[in-house]
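User: Let's go through this one together, starting with the ligand site. How does its shell split by residue class?

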Amino acid sequence: MNYQHILYSLTGTIARVTLNRPEKLNAFNTAMHLELGDALVRTRAANARVLLLSGAGRGFCAGQDLDERDLSPGAPAPDLGHGLETHYNPLVLSLRSLPMPVICAVNGVAAGAGASVALACDIVLAARSASFIQAFCKLGLVPDAGSTHYLPRLVGTARAMGLSLLGDKLPAEQAERWGLIWKCLPDDELMAEAERLAAHFSTAPTKGLARTKQAIYASADNTLEQQLDLECAYQRDIGLGHDYREGVNAFKDKRPARFSGD
Ligand code: T3D
């Protein structure tokens, strides 16, 4: 597939996707969804070890492209559930289940489903000038693409409620203070830090990290007993692999480990 709404590259084991509709702050249209879905399939098939997601221009993503919705008098009401089932929900689940760390570099405003997609990623960095807006309420909508799942878990019910019912802009620095994201950085340091992390993950024990992210995401809905069982199953599996053996041997040899990702 040729991409027109995203930029995609795979360099070594680092996959990079840049949402590329800057004139619309990278709002999602159907074509961009299809391209992004294809890029994630390629990333998984190529055995990449890290994915870096960002946006072109001054925004990260302004959510759904509202120009795709015709709500003029007499126009039929769209089936918004269809768009979620077809595009947003598979996208979120795909990001969450990718067997590698997914870094999101939020370079500017992340609004509506754009904020949801950013929060679906495993490590979220944001430029100081960036912000997060639960814009849904301004359209009379419910937060979607996972926002009602992530927000209360990340920042607690009171803040999730305030953000969602008011739709106020949350500056990146405050998002970091509230624990919504991993780190807020000066604008001119964002991509360098994102690339530094991508390089780090490209030689990391990928399978162990993939299991780690699965375990952490599962923990919110599991009892302690269930989580102990899950850790046990994952550890048993990981213990059979190359990278555990390499990690222990490297420690004993007092040398850097050479992880293969398995
Ligand atoms: O429909 C469904 O499928 C339901 C699912 C919905 C999921 C959602 O994501 S709902 C939420 C949709 N998004 C929004 O409501 C956000 C709308 N945008 C904004 O509120 C503002 O643009 C921002 C606060 C994000 C940024 O403001 P600002 O002042 O920095 O930029 P701007 O001037 O508003 O936007 C720049 C351009 O991008 C502008 O175009 P123009 O006038 O220069 O030709 C603007 O129209 C365009 N743009 C921004 N967001 C969208 C958009 N065009 C289409 N759709 C957008 N979402």
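Analyst: Ala, Val, Leu, Ile, Met, Phe, Trp, Tyr, Cys and Pro count as nonpolar, Asp, Glu, Lys and Arg as charged, and the others, Gly among them, as polar. This is a predicted model, where local features need pLDDT of at least 70 and side-chain atom pairs 80 or more, while totals for chains, interfaces and linings use all residues. Numbering runs from 1 along each chain as its sequence is written, and side-chain values use heavy atoms, without hydrogens or water. On that basis, the shell around the ligand has 12 nonpolar, three polar and seven charged residues.

User: Which residues come nearest to the ligand?

Analyst: A residue makes the list if one of its heavy atoms lies within 4 Å of the ligand. There are 22 residues around it, and the nearest are R58, A62, Q64, R69 and A113.

User: How far is the backbone of A113 from a ligand oxygen?

Analyst: For polar contacts we want N or O pairs within 3.5 Å. E23 has a polar backbone atom 3.5 Å from a ligand oxygen, and A62 has one 2.9 Å from a ligand nitrogen. For A113, a backbone N or O atom sits at a distance from a ligand oxygen of 2.9 Å.

User: What share of the ligand's area does the protein bury?

Analyst: On its own, the ligand exposes 1000 Å². Of that, the protein buries 64%.

User: Is C121 buried or exposed?

Analyst: The structure holds zero disulfides (cysteine sulfur pairs within 2.5 Å). For C121, the nearest cysteine sulfur is that of C104, 4.3 Å away. Under 20% relative accessible area is buried, over 50% exposed and in between partly exposed (1.4 Å probe, protein chains only). At 4%, C121 is therefore buried.

User: And what is the relative accessible area of C232?

Analyst: C232 counts as partly exposed. Its relative accessible area is 39%.

Key
Polar contact = N/O pair within 3.5 Å; in protein donor to acceptor, adjacent residues only side chain to side chain. Areas by Shrake-Rupley, 256 points an atom, 1.4 Å probe, with all protein chains shown as cover.
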